[in-house]
Amino acid sequence: MNSRLSFSAAILLLLTACGGATRNNAADSVAVNDTALNVHADNGSSLDVQPLNGYFVKNTIQVNDSLTFWLIDNPATFDSLFGVAKTMNNKIDRPDFGTQVVVAATMPATFYGTQIQLASATTDDLTNNAEMHFVAAGQAEKNSYSSTPLWVGSIPKTGRTNIKVYTGDQLSATLTTKE
């Protein structure tokens, strides 16, 4: 029993003396007050996007481009573009136009069950500009009905902002808000 205790103590002492895993990092050898370090503040962050559920593009709106983007800052324009798809079980997310603007992406009607998704959304905290990357994926099989794909989301109002919207990595449009 005494030998087990001695062995455990020796292992513990050895681990403590070695200091754990060995690292050979160039950063380990740099002095803390070295002014030659190339340090940049991370000025990018995730854009706070709230997807809005329960809407469809009204039949009076003709979408002709492969991917069309809107920036909406008031309820009258929002209501003129989108109808409410209310069922017994769904919740309709209503944007707060006092603190938010709405970004919407849509495509022409299709028979292939296409969905538009937001792949990423970032903001540059220094310039107050944002980037939103969208992708669209459809089913391989043709449906007997057509539908107009739509993605709707709200982002905070933060002053004058340029929002670059991309289809994948291809810049599609630059939306500008003025406040």
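Strands are DSSP runs of E with at least two residues, numbered from the N terminus. The model shown in these views is predicted.

**View 1. The whole chain contains 2 helices and 11 strands.** Read from the N terminus, its elements follow the order α-β-β-β-β-α-β-β-β-β-β-β-β. The chain has 179 residues, and 27% of them count as buried. Its exposed surface comes to about 12100 Å², of which carbon and sulfur atoms supply 53%. Among the contacts between residues at least 6 apart in sequence, 72% join residues at least 24 apart.

**View 2. Four strands form an open sheet in the order 2-9-6-4.** The pairing in this sheet is antiparallel. Strand 2 (50-51) and strand 4 (68-72) are the edge strands; each has a single partner strand, so one side of each has no neighbour in the sheet.

**View 3. Strand 6 and strand 9 run antiparallel.** Strand 6 covers residues 100-106 and strand 9 covers residues 150-156, and 7 bridges join the two. Within this pair, Ala 105 of the chain stands opposite Trp 151 in strand 9.

**View 4. Asn 128 lies in the loop between strand 7 and strand 8.** Strand 7 spans 115-124, and strand 8 comprises residues 129-137. Asn 128 has a positive phi of about 65 degrees, although this residue is not a glycine. Most residues other than glycine have a negative phi. The relative accessibility of Asn 128 is 23%, so the residue counts as partly exposed; the partly exposed class lies between the cut-offs of 20% and 50%.

**View 5. Glu 131 is found in strand 8.** With a relative accessible area of 30%, Glu 131 is partly exposed. Its side chain makes a polar contact with the side chain of His 133, at 3.4 Å. Leaving aside neighbours within four places in sequence, Glu 131 is in contact with Ser 120, Ala 121 and Thr 122, and also with Lys 164 and Tyr 166.

**View 6. Glu 131 and Asn 162 are 31 residues apart along the chain.** The C-alpha atoms of Glu 131 and Asn 162 are separated by 8.5 Å. Lys 164 and Tyr 166 can be located in the same view, as both are among the residues in contact with Glu 131.

Definitions and conventions. Residues numbered from 1 in each chain as written. Predicted model: local features only at pLDDT ≥ 70, side-chain atom pairs only at ≥ 80, totals over all residues. Heavy atoms only, no water. Buried < 20%, exposed > 50% of the residue type's maximum accessible area, 1.4 Å probe, protein only. Contact = heavy atoms within 4.5 Å. Polar contact = N/O pair within 3.5 Å; in protein donor to acceptor, adjacent residues only side chain to side chain. Areas by Shrake-Rupley, 256 points an atom, 1.4 Å probe, with all protein chains shown as cover. Pairing = 2+ DSSP bridges.
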